[in-house]
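Open the model in your viewer and keep the selection panel at hand. The tour below goes from one selection to the next.

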Amino acid sequence: MDLSLNAEDRAFREEVRAFFREHLPVDIAEKTRRSFHLHPEDMLRWQRILHEKGWAAPAWPKRYGGPGWTALQRYIFDEELCMADVPLPLLAGQGVNMVGPVIYTFGSEEQKAHYLPRILSGEDYWCQGFSEPGSGSDLASLKTRAVADGDDYIINGQKIWTSLAHNSNMIYCLVRTDPAVKPQRGISMLVFPMDTPGITVRPIISIDRGHSLNETFFENVRVPRSSLIGEEGKGWTYAKFLLGHERFTIAEIARSKRRLQRLHQMARETAVGDATLADDPIFRDKTTAIEIDLLALERMGLRVAWEMDQGIDNMLSASILKLRGSQIIQAVTELSVEAMGYAGLAYESLESGCTHSPSAPDIAQGKMEEFLFLRAATIYGGSTETQQNILAKMIYAGA
């Protein structure tokens, strides 16, 4: 297995780097460096730029509007994206990275024709209706019901932690359509507009004072049967397919590399007596330990990309990436706050829902809110305990 880049891969990296250098708006890059919760319009503005280039959906096949890149090219693209301070694809990402592949893999031809172009252009931006109170990592126990009524379904129930539901115009939602069968077999996936009558979105303000999370309530929400993705009762299968895609990207290997790079910069600019924080041996030991773990994870990420290009589906690696990636996310953001000292304590909420640190140096902006929000990194997308259970079953039970 050769994980080194060939001449074609290196040329592709330069092409991507040059595009970001020329087309990433300076104000968006600056906001990405200084805050964690970016304004939705900034995210959508960047999505439109990528769409015009034909790069709006890096993982999609050409026949559905993607660039047709290899997994290794997508890995390179993601790395350059993070190093250029491109914003997290929070709004567009739910459509592009999550429900889009589900639609073009399992959806009807009508659904593909309608939704895929709108996802690429940013005309539709999605939220995910999976978790419920008491049914977070254990999705099989979800209780939101969808009852058939003629040509429609009527939905009643509640979802929680619905990221950016207040900014989204579409939702892909897991619902229980058959309560009489085994829990996993009674779940279906529906897609429908967020302005459908009967939907109520209630904000959850997270510990960093930002608003990206929500509770979502469904009271006699009527949607057409054409909202069903694939077959009734196959939602669990589609959710596993989606989460497998998510765990490959949710490890945030490239973004952790960028965070570590910024941490080194901060340490070089922070005076400690007659030296800098970068000269402190204890601090160097901590950053070195993270770098070693991150390098090992990066090699695994490259291996997974290689396996994907060979047609190898390795869910074991996907769970390891999520498990270790989220732990490294927390380690580097925690050390970044530690490196700021008192400067990390002062930050204020802005009208946009972002925060800033008026008394802290520019390099420290956004680090505290990022640290606080990402305490959830070991929970969302499948908690640490869930990933450990998956790995134990795969390794020891062959499940």
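Select H8 (residues 253–269) and H9 (residues 281–309). Their axes come within 10 Å and cross at roughly 160°, so H8 and H9 are roughly antiparallel (angle over 145 degrees). Axes are lines fitted to C-alpha atoms over the stretch in contact, with angles from 0 to 180 degrees between N-to-C directions. Helices are DSSP runs (H or I, at least four residues), numbered from the N terminus. The crossing of H8 and H9 is left-handed, meaning the near helix is turned anticlockwise from the far one by less than a right angle.

This is a predicted model: local features need pLDDT of at least 70, side-chain atom pairs pLDDT 80 or more, while totals for chains, interfaces and linings use all residues. Residues are numbered from 1 along each chain as its sequence is written, and side-chain values use heavy atoms, without hydrogens and water.

Next, add H10 (residues 315–340). H8 packs on H10 at about 20°, with axes 10 Å apart. That makes H8 roughly parallel to H10 (under 35 degrees). H8 passes H10 in a left-handed crossing. Show side chains: contacts (heavy atoms within 4.5 Å) involve residues including Leu260 and Leu263 in H8, and Ile328 and Val332 in H10.

Now jump to H3 (residues 40–53). Which residues of H3 are buried (under 20% relative accessible area, 1.4 Å probe, protein chains only)? Pro40, Asp42, Met43, Leu44, Trp46, Gln47 and Leu50. Check the end C-alpha atoms of H3: they are 20 Å apart, which agrees with the expected 20 Å. Last stop: Gly54, just after H3, takes a positive phi of about 90°.

Methods
Helix = DSSP H or I, 4+ residues; strand = E, 2+ residues; numbered from the N terminus. Parallel < 35°, antiparallel > 145°, perpendicular 65-115°, else oblique. Expected span 1.5 Å × (residues − 1). Buried < 20%, exposed > 50% of the residue type's maximum accessible area, 1.4 Å probe, protein only.
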